[in-house]
Amino acid sequence: MGEFVRLETSGGIGTIRLERPPMNALNTQVQEELREAARAATADADVRAVIVYGGEKVFAAGADITEFTSTTFQEMTVRATALSSAFDEVARIPKPVVAAITGYALGGGCELALACDWRVVADDAKLGQPEIRLGIIPGAGGTQRLARLIGPAKAKDLIFSGRMVDAEEALRIGLADRVVPAADVYSSAAELVKPYLNGPALALRAAKLAIDGGLNTDLASGLAWESQLFAGLFATDDRIEGTTAFVEKRKPKFTGR
């Protein structure tokens with residue numbers, strides 16, 4: 001698809017693969033190619049789940065800092081919005097999405113992982129938001145998604161200090177969901193999403209929309225949003241198949257319609 005980011009599809013899994021050696025630094029081009037890959041994964045009905053993967057050595061070690069040394073405030077005002085929206089495109093993929101993390105997921109790399117539903121992390125990986133050491137803060141969702149995921153106190157610890165955490169600590173604080181040997185990261189990510197490949201795609205989409213949307217509003221509004229999405233699923237073929245199969249005591253055959 002792009003020079004540094006491509007979408008590979010196999011067996012219902014779409015892999016958004018970053019390939020900008022040596023560290024998968026996230027420059028403007030990578031940012032926009034990520035946006036396009038996320039849109040393609042969203043649009044492709046054959047993609048039932050997504051893995052974001054940087055390869056066997058590194059997930060993404062952050063932004064390309066060489067771009068920052070000469071960037072003006074006026075230029076970054078425009079770019080910051082585009083960067084955040086590109087990562088948001090990944091977060092809005094209406095399908096299960098897992099980050100398969102090897103090596104480093106730092107700065108923008110950690111923010112990209114935070115835009116996914118789960119994070120499978122190599123046992124020797126390092127994660128963190130080191131932007132404070134450059135005199136800046138995370139600008140692609142780190143201050144918002146990290147606090148929502150692990151709580152504000154732990155998020156402040158990581159962001160204020162800029163320190164890296166290892167896989168064990170990441171698992172303990174909720175930044176990682178599974179820790180596996182580095183050689184097993186991709187296969188473990190695929191195993192995590194495997195149960196959803198033949199699931200009710202529209203119900204999974206609605207569940208993700210309900211959870212993510214509810215986190216950004218008050219309880220009453222979230223409950224109303226949930227009710228709307230719940231009712232909408234009664235117009236789907238999968239709802240008919242799922243409920244009928246339950247009554248008939250058989251396994252449902254969902255079609256994603």
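I take buried to mean under 20% relative accessible area, exposed over 50%, and partly exposed in between, with a 1.4 Å probe and protein chains only.

**Entry 1. Ground rules.** The model is predicted, and I accept local features at pLDDT of at least 70 and side-chain atom pairs at pLDDT 80 or more, while totals for chains, interfaces and linings use all residues. Residues are numbered from 1 along each chain as its sequence is written, and side-chain values use heavy atoms, with hydrogens and water left out.

**Entry 2. The six-stranded sheet.** I looked up the strands, which, like helices, are DSSP runs numbered from the N terminus (E, at least two residues, for strands; H or I, at least four, for helices). Two strands are paired if DSSP finds at least two bridges between them. An open sheet of 6 strands has the order S1-S2-S3-S4-S6-S9, with mixed pairing. Strand S1 (5–10) and strand S9 (178–180) each have a single partner strand, so one side of each is left without a neighbour in the sheet. From one strand to the next the twist averages 20°; such angles run from 0 to 180 degrees between N-to-C directions, with axes as lines fitted to C-alpha atoms, for helices over the stretch in contact.

I then followed some of the pairings. S2 and strand S3 (residues 49–53) are parallel and share 5 bridges, and Ile16 stands opposite Val52 in S3. S4 and S6 are also parallel, joined by 4 bridges; there, Ala99 has Arg119 in S6 as its bridge partner. S6 runs parallel to S9 as well, over 3 bridges, with Ala122 opposite Val180 in S9.

How many residues of strand S6 (residues 118–122) are buried? I find 4 of its 5 residues buried, and the strand is mostly covered.

**Entry 3. The three-stranded sheet.** A further open sheet holds 3 strands in the order S5-S7-S8, and its pairing is mixed. Its edge strands are strand S5 (104–106) and strand S8 (164–166), each paired on one side only. Here the twist averages 20° from one strand to the next. S5 and strand S7 (residues 126–128) run parallel and are joined by 3 bridges; Tyr104 stands opposite Lys126 in S7.

**Entry 4. A surface patch.** Tyr104 appears again in a nonpolar surface patch of about 260 Å², together with Met23 and Met164. Patches take residues with over 30% relative accessible area and no salt bridge, joining like charges within 9 Å and nonpolar side chains (Val, Leu, Ile, Met, Phe, Trp, Tyr) within 5 Å. The areas come from the Shrake-Rupley method with a 1.4 Å probe, and for residues only the protein chains shown count as cover. Met23 is in the loop between strand S2 (13–18) and helix H1 (28–43). Met23 counts as partly exposed because its relative accessibility is 34%.

**Entry 5. Salt bridges.** I count a salt bridge when a side-chain nitrogen of Lys or Arg is within 4 Å of a carboxyl oxygen of Asp or Glu. The search of the whole structure gives 14 salt bridges.

Glu19 and Arg6 form one of them, with closest N and O atoms 2.5 Å apart. This pair links distant parts of the chain, Glu19 in the loop between S2 and H1 and Arg6 in strand S1, 13 residues apart. Glu19 is partly exposed at 35%, and Arg6 is partly exposed at 27% relative accessibility. Arg6, Glu8, Arg17 and Glu19 are linked in a network of salt bridges.

Asp177 and Arg119 form another salt bridge, the closest N and O atoms being 3.8 Å apart. Asp177 is in the loop between helix H6 (167–173) and S9, and Arg119 is in strand S6, 58 residues away along the chain. Why does Arg119 count as buried? Arg119 is buried because its relative accessible area is 2%. Asp177, at 34% relative accessibility, is partly exposed.

Glu248 and Arg250 also meet in a salt bridge, at 2.7 Å from N to O. Glu248 is partly exposed at 48%, as is Arg250 at 35%.

**Entry 6. Two single residues.** Thr102 is in the loop between strand S4 (97–101) and S5, and is buried with a relative accessible area of 1%. A polar atom of the Thr102 side chain lies 3.3 Å from the backbone nitrogen of Val58. Trp225 lies in helix H9 (residues 219–232) and is partly exposed at 30% relative accessibility.

Terms used: A polar contact is a pair of N or O atoms within 3.5 Å; within protein, one must be able to donate a hydrogen and the other to accept it, and residues adjacent in sequence count only if both atoms are side-chain atoms.
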